[in-house]
Amino acid sequence: MQLVGFLQTSFQNVRSSKRTDDLHKVLLSETLSKNPQWRDLDWKFEYKLPVDAFGGTFDIDIAGFDVDGNLKVCILAKAMNSNVNKNIKNYANTTIGEAARLAFAPDIELEKILFVSVLPRVAPRFKKDGTVGGFDDVISAKNRTKIDGVLRQQYGDLVELKDILFDIADVRNKKTKDEFNDIIVENII
């Protein structure tokens with residue numbers, strides 16, 4: 001599956017494991033195309049790190065291991081489609097906490113912790129009845145919640161944020177959640 005194929009159906013079954021599996025496969029493919037130096041790593045999905053910096057386990061969406069079995073690259077993925085502005089601060093706090101849990105985990109020397117977020121530039125806000133109650137300007141919300149400077153000060157180049165942004169064709173003409181089941185995706189960056 002290609003990124004555009006995932007995005008076209010990304011509003012379907014948003015809590016399903018199949019959607020999560022598809023997202024992880026697509027993001028690994030995208031990441032490796034931009035980071036060929038990681039192609040030889042052994043990649044695992046939904047890897048459970050036995051001990052994080054807090055002393056507990058930690059689920060890593062996509063984990064890359066060197067030939068000796070050492071964890072080197074962690075990719076943590078989010079695909080937010082709707083009600084983004086309402087949750088943007090929580091996502092930022094979660095990212096900072098997850099970075100700490102991985103960066104200071106015992107007995108691992110990571111090369112990269114990569115947070116990848118897939119976001120529409122304009123996202124619907126759904127009401128409980130499934131109708132669209134309004135639209136979020138995701139770019140504006142992201143600009144009000146910049147954490148890359150904090151992460152850089154704390155971790156240097158170890159932790160990196162990557163946003164994959166896209167437009168939903170005719171987004172402001174859609175009135176119900178059902179109209180988002182099969183969308184036309186434009187301007188993926």
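These legends walk through several close-up views of the structure above. It is a predicted model, in which local features need pLDDT of at least 70, side-chain atom pairs count only at pLDDT 80 or more, and totals for chains, interfaces and linings use all residues. Residues are numbered from 1 along each chain as its sequence is written, and side-chain values use heavy atoms, with hydrogens and water left out.

**View 1. The whole chain, with its 5 helices and 8 strands.** Helices (H or I, at least four residues) and strands (E, at least two) are DSSP runs, numbered from the N terminus. Going along the sequence, you meet them as α-α-β-β-β-α-β-β-β-α-α-β-β. The radius of gyration (taken over C-alpha atoms) is 17 Å, close to the 16 Å from the globule rule (2.2 Å times the number of residues to the power 0.38), so the chain is as compact as a globular protein of 189 residues. Its C-alpha trace spans about 50 × 30 × 25 Å along the principal axes. Buried residues, meaning those under 20% relative accessible area (exposed is over 50%, partly exposed in between; 1.4 Å probe, protein chains only), make up 44% of the chain.

**View 2. The open sheet, in the order β1-β2-β3-β4-β7-β8.** Pairing here is mixed across the 6 strands, and two strands pair if DSSP finds at least two bridges between them. β1 (42–49) and β8 (185–186) sit at the edges with a single partner strand each, so one side of each has no neighbour in the sheet. In the parallel pair β3 (residues 71–79) and β4 (residues 112–120), 7 bridges do the joining. Look for Lys-78 opposite Ser-117 in β4. Packed on the sheet is helix α3 (residues 84–103), which touches β1, β2 (58–65), β3, β4 and β7 (159–168). Its direction makes about 170 degrees with that of β4; axes are lines fitted to C-alpha atoms, for helices over the stretch in contact, and angles run from 0 to 180 degrees between N-to-C directions.

**View 3. The largest nonpolar core, with 29 residues.** Such a core is a set of buried Ala, Val, Leu, Ile, Met, Phe, Trp, Tyr and Cys residues joined through side-chain atoms within 4.5 Å. Leu-27, Trp-43, Ile-75, Val-118 and Phe-180 touch the most other members. At least two residues come from each of α1 (3–8), α2 (17–34), β3, β4 and β7, with α2 giving the largest share, 5 residues. Contact means heavy atoms within 4.5 Å. Beyond its neighbours within four places in sequence, Ile-75 has contacts that include Leu-28, Trp-43, Ile-60 and Leu-114.

**View 4. Helix α2 and its buried residues.** Among them are Arg-19, Asp-22, His-24 and Thr-31, alongside leucines such as Leu-23 and Leu-27. Their cover includes α1, β1, β2, β3, β4 and β7.

**View 5. Thr-95 in helix α3.** At 9% relative accessibility, Thr-95 counts as buried. Leaving out residues up to four places away in sequence, Thr-95 touches Phe-115, Ile-147, Leu-151 and Leu-161.

**View 6. Two loop residues with positive phi, Asn-83 and Asp-170.** Asn-83, in the loop between β3 and α3, has phi near 50 degrees and is buried at 18% relative accessible area. Asp-170, in the loop between β7 and β8, has phi near 55 degrees and is exposed at 55%.
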